[in-house]
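Let's take a quick walk through this one, going from a pair of charged side chains out to the whole surface. Have the viewer open as you read.

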Amino acid sequence: RTGDRPRRNGGRDCAAQSMLGAILAEHAARKAEREAELGRLRRAAMYAAGPAADAAMEEVNGRVAEVWHTEQLIEAELRRFAAHVTELEERSASWRALYARAHSPLKAMGDAEHLAGLLEADAREVALGLREVRAAAAEGAWRGWEAPAGEADAYRDAVEAAMAGAPLPRAASP
């Protein structure tokens, strides 16, 4: 029903529409120009970024290869360390077993050595006592000494045997 209405602006709608069309056409042309410029800039940026991206990728790949190589060296070193640790554990076990086998006999030998030292000290003390008895016998000092009753003959016999260099008689066990 717009056709029934009279026009109020006196035909200006046509001029406004043509002006609006011109503005839209100009806008579309500028937009196409900007898109073309943007495409050109995008291609130029991609063209310029290509070598930089390639260089960056080469650098990254070089670093990755270096890290991988270092990792391989570290893993090889770890394997060598593990083998060395195993060898040292085996040696340690061998030494522990040797110590265990030698400890008891060495301890017994030490006990025997200690006992021999005690016996030697006792033998020195007996020898010193015998020397003193011989010296006293040579001076005649023992003859006046009185032994407890019933033991005089045993003491005299022991002293005479010691003076003669004979072994001492064994004492009877109590």
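## Salt bridges along the helix

Glu-26 and Arg-30 sit four residues apart, about one turn of the helix, and both belong to helix α1. Helices here are DSSP runs of H or I with at least four residues, strands are E runs of at least two, and numbering goes from the N terminus. This is a predicted model, where local features need pLDDT of at least 70 and side-chain atom pairs count only at pLDDT 80 or more, while totals for chains, interfaces and linings use all residues. Residues are numbered from 1 along each chain as its sequence is written, and side-chain values use heavy atoms, with hydrogens and water left out.

Back to that pair: Glu-26 forms a salt bridge with Arg-30, with the closest N and O atoms 2.6 Å apart. The term means a side-chain nitrogen of Lys or Arg within 4 Å of a carboxyl oxygen of Asp or Glu. A search of the whole structure turns up six salt bridges, and the table shows some of them.

| Acid | Base | N to O distance |
|---|---|---|
| Glu-26 | Arg-30 | 2.6 Å |
| Glu-87 | Arg-91 | 2.7 Å |
| Glu-120 | Arg-124 | 2.4 Å |

The spacing comes up again further along: Arg-91 and Glu-87 are four residues apart in helix α1, so about one helical turn separates them. Glu-120 and Arg-124 are likewise four residues apart in helix α1, which puts about one helical turn between them.

How exposed are these side chains? Buried means under 20% relative accessible area, exposed means over 50%, and partly exposed is in between (1.4 Å probe, protein chains only). Glu-26 is partly exposed at 46%, and Arg-30 is partly exposed at 42%. Glu-87 comes in at 34%, partly exposed, and Arg-91 at 48%, also partly exposed. Glu-120 has 42% and counts as partly exposed, whereas Arg-124, at 54%, counts as exposed.

## A nonpolar patch and the overall picture

Ile-74, Leu-78 and Phe-81 make up a nonpolar surface patch, with about 310 Å² of accessible area together. Patch members need over 30% relative accessible area and no salt bridge; like charges are joined within 9 Å and nonpolar side chains (Val, Leu, Ile, Met, Phe, Trp, Tyr) within 5 Å. Phe-81 is found in helix α1, which spans residues 12-139, and this residue is partly exposed at 48% relative accessible area.

Zooming out, the protein has two helices and zero strands. Of its 174 residues, 5% are buried. The accessible surface comes to about 15400 Å², and carbon and sulfur atoms account for 61% of that. Accessible areas come from the Shrake-Rupley method with a 1.4 Å probe, and for residues only the protein chains shown count as cover.
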